[in-house]
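Thanks for agreeing to look this one over with me. My notes are below as numbered points, so please open the structure and follow along.

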Amino acid sequence: MRYSILHRHGTSESLDDVPDAKITALLSELDRDVTDPEHGDVWLTQNSSGWSLGRFAGARRLVVLENTEPGGEALHRTGVTPEEAFRLFRRLANGDVDAIRGEAWNPGYGS
């Protein structure tokens, strides 16, 4: 399975596998330079399904689950702890999209 990672400052990379260390490093990007509102999110995408998870910097602790396919949906949750964000990203990297979607989400992007 192929994955795409979008880093906080816009660089991206493609991976066949997403190790824990890569997820930890990706999420920790949000802890640096917290005053930069223009670059406030990181994303992991499962290319085969089009599902993506985005984590946003800031006190809201926003996570967005989005299907990037035409007609796809967007869901969000606020108050997500760093540990919970890691767990969600790990589940996406394991291919557990249905389990993630089965959790409690609110419709839309949470803006």
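**Notes on the core, the salt bridges and the overall fold**

1. Let's begin inside. The largest nonpolar core has 24 residues, and the members touching the most others are Val18, Leu44, Leu53 and Trp105. Two or more residues each come from β1 (3–6), α1 (20–28), β3 (41–46), β4 (51–56), β5 (63–67), α2 (82–93) and α3 (97–101). The biggest contribution is that of α2, with five residues. Do keep in mind that this is a predicted model.

2. Leu53 is a nice place to centre your view. Leaving out residues up to four places away in sequence, Leu53 touches Val42, Trp43 and Leu44, then Val63, Val64 and Leu65, and also Leu88, Phe89, Leu92, Ile100 and Trp105. Two of these partners, Leu44 and Trp105, are also among the residues that touch the most other core members.

3. Next, have a look at α2 itself. This helix has twelve residues and spans 16 Å from its first C-alpha to its last, close to the 16 Å expected at 1.5 Å a residue. Which residues of α2 are buried? They are Ala85, Leu88, Phe89, Arg90, Leu92 and Ala93. As a reminder, residues three or four places apart on an α-helix point the same way, because there are 3.6 residues a turn. Gly95 follows α2 and has a positive phi, near 85 degrees.

4. Arg90 deserves a closer look, as a charged residue on that buried list. Its side chain meets that of Asp20 in a salt bridge, with 2.8 Å from N to O. This pair connects distant parts of the chain, with Arg90 in helix α2 and Asp20 in helix α1, 70 residues apart. The two ends differ in cover: Arg90 counts as buried because its relative accessibility is 16%, while Asp20, at 42%, counts as partly exposed.

5. The structure holds nine salt bridges, and Glu103 takes part in two that I would show together. With Arg77, the closest N and O atoms are 2.9 Å apart. Glu103 sits in the loop between α3 and β7 (106–107) and Arg77 in strand β6 (residues 74–77), so this bridge ties together parts 26 residues apart in sequence. Arg77 is buried, its relative accessible area being 13%.

6. The other partner of Glu103 is Arg91, and here the closest N and O atoms are 2.4 Å apart. Arg91 belongs to helix α2 and Glu103 to the loop between α3 and β7, so that twelve residues separate them. At 22% relative accessibility, Arg91 counts as partly exposed. Through shared partners, salt bridges join Arg77, Glu84, Arg87, Arg91 and Glu103 into one network.

7. Now zoom out to the fold. The protein has three helices and seven strands, which run β-β-α-β-β-β-β-α-α-β from the N terminus on. Of the contacts between residues at least 6 apart in sequence, 48% join residues at least 24 apart.

8. Finally, the overall dimensions. A compact globule of 111 residues would have a radius of gyration near 13 Å, and the protein agrees, with 13 Å. Along the principal axes, its C-alpha atoms fill a box of roughly 35 × 30 × 25 Å. Buried residues account for 41% of the 111 residues. The protein exposes about 5900 Å², of which carbon and sulfur atoms supply 51%.

How values were computed: Residues numbered from 1 in each chain as written. Predicted model: local features only at pLDDT ≥ 70, side-chain atom pairs only at ≥ 80, totals over all residues. Heavy atoms only, no water. Core = buried A, V, L, I, M, F, W, Y, C linked by side-chain atoms within 4.5 Å. Buried < 20%, exposed > 50% of the residue type's maximum accessible area, 1.4 Å probe, protein only. Helix = DSSP H or I, 4+ residues; strand = E, 2+ residues; numbered from the N terminus. Contact = heavy atoms within 4.5 Å. Salt bridge = Lys/Arg side-chain N within 4 Å of Asp/Glu carboxyl O. Expected span 1.5 Å × (residues − 1). Rg over C-alpha atoms; globule rule 2.2 N^0.38 Å. Areas by Shrake-Rupley, 256 points an atom, 1.4 Å probe, with all protein chains shown as cover.
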